[in-house]
Structures are given as structure tokens and as C-alpha cells.
Amino acid sequence: MISVVVPAYNEEDSIEKTIKSLTDVAAKSDQVGFEIIVVDDGSTDLTADRAESAGVSVIRKPQNIGYGHSLKIGIKAAKYDTIVIIDADG
């Protein structure tokens, strides 16, 4: 079982492609439990909206606080013990 945490800031052009790549990898594996959590770090574009429309969990931060803070929030929200971190631009 794997939780994938994706910190994102103004990645509207790449977030959907990254999510699709992750879901494709999960579908090809024998992984029983798999979740993707996008932590939007106060983006001023459509990053969070595009991630939500791709069907993953999205945590919206009202302002940009930074990569490390986004990681902490995503890890805390994860359901599974194995956590993978990937940048929003893949």
C-alpha cells in the first residue's frame, strides 16, 4: 500500500500529466492500496482545480509556505505507511 504525495505550486500545465502517469503505473502494478495526494501550496493558477478534476485528493493551502511544509501536510494526511514523494512536474 502506497501513498504518493505531490507538492505543487503553479503547475497547472503539468499536474494532470503527472497524475495520469502515476495512475498508469499503479494500474500496471499489483499494488492493492494506492492513493495520490496533491498538496497545492497556494497556487495562483488552476493547479488544484485540475488535480481535483483528475480525481485525486487535494489539500489546498491558502498561501505559499513552501515545499517542506507541503510535504509535512501530505505525509500527515497519508493513509499508508509507505510514502512516495514526486514533484508535480514529474
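Begin by selecting R60 and D49, whose side chains meet in a salt bridge with an N to O distance of 2.6 Å. The pair joins distant parts of the chain, since R60 sits in strand 3 (residues 57-61) and D49 in helix 2 (residues 47-53), 11 residues apart. Bear in mind throughout the tour that this is a predicted model, and that the distances quoted here are computed from its coordinates.

Keep R60 selected and add E52, because the side chains of E52 and R60 also meet in a salt bridge, here at 2.9 Å from N to O. D49, E52 and R60 are thus linked in a network of salt bridges. With the surface switched on, the accessibility of each member can be considered in turn: R60 has a relative accessibility of 44% and therefore counts as partly exposed, D49 is partly exposed at 38%, and E52 falls into the partly exposed class with a relative accessible area of 40%.

The structure holds 4 salt bridges, and another of them is found by moving to helix 1. Select D24 and K20, whose side chains meet at 3.1 Å, N to O; both residues lie in helix 1, 4 residues apart, which is about one turn of the helix. D24 has a relative accessibility of 32%, so it counts as partly exposed.

Stay on helix 1 and select T18, which is found in this helix. Is T18 buried or exposed? Its relative accessibility is 5%, and because buried means under 20%, T18 counts as buried. Leaving aside residues up to four places away in sequence, T18 touches D87, A88, D89 and G90.

Now turn to the interior and select I2, V4, V6, A8, I15, I19, L22, I36, V38, A51, V56 and A88, the 12 residues of the largest nonpolar core. Colouring by secondary structure helps here, as strand 1 (2-8), helix 1 (15-28) and strand 2 (34-41) each supply at least two residues of this core. The largest share, 4 residues, comes from strand 1. Within the selection, A8 deserves a separate look: not counting residues up to four places away in sequence, A8 touches I15, V38, V39, D40, D41, S43, T47 and A88. A second, separate core of 5 residues can be picked out next, with V5, V39, L71 and A78 included in it.

From the end of strand 1, step forward to N10, which lies in the loop between strand 1 and helix 1. What is there to note about its backbone? N10 has a positive phi of about 50°, although it is not a glycine. With a relative accessibility of 29%, N10 counts as partly exposed.

The next stop is another loop, the one between helix 3 and strand 4, where K79 has its place. K79 is exposed, with a relative accessible area of 59%. Add S3 to the selection and compare positions: the C-alpha atoms of K79 and S3 are separated by 6.7 Å, while the two residues are 76 residues apart along the chain. Not counting residues up to four places away in sequence, K79 touches S3 and E35.

For the surface, select Y67, I75, I83 and I85, which form a nonpolar patch with about 330 Å² of accessible area together. Helix 3 (67-77) and strand 4 (82-85) each supply at least two residues of this patch. I85 belongs to strand 4, and at 40% relative accessibility it counts as partly exposed.

Finally, clear the selection and view the protein as a whole. Its secondary structure comes to 3 helices and 4 strands, and reading along the sequence gives the pattern β-α-β-α-β-α-β. The C-alpha atoms fill a box of roughly 35 × 25 × 15 Å along the principal axes. For 90 residues, a compact globule would have a radius of gyration near 12 Å, and the 12 Å of this protein agrees with that.

A few totals complete the view. Buried residues make up 39% of the 90 residues, and the protein exposes about 5200 Å², of which carbon and sulfur atoms supply 50%. Among contacts with a separation of 6 or more, 67% are accounted for by residues 24 or more positions apart.

How values were computed. Residues are numbered from 1 along each chain as its sequence is written. This is a predicted model: local features need pLDDT of at least 70, side-chain atom pairs count only at pLDDT 80 or more; totals for chains, interfaces and linings use all residues. Side-chain values use heavy atoms; hydrogens and water are left out. A nonpolar core is a set of buried Ala, Val, Leu, Ile, Met, Phe, Trp, Tyr and Cys residues joined through side-chain atoms within 4.5 Å. Buried means under 20% relative accessible area, exposed over 50%, partly exposed in between (1.4 Å probe, protein chains only). Contact means heavy atoms within 4.5 Å. Patches are made of residues with over 30% relative accessible area and no salt bridge: like charges are joined within 9 Å, nonpolar side chains (Val, Leu, Ile, Met, Phe, Trp, Tyr) within 5 Å. Accessible areas come from the Shrake-Rupley method with a 1.4 Å probe; for residues, only the protein chains shown count as cover. The radius of gyration is taken over C-alpha atoms; the globule rule is 2.2 Å times the number of residues to the power 0.38.
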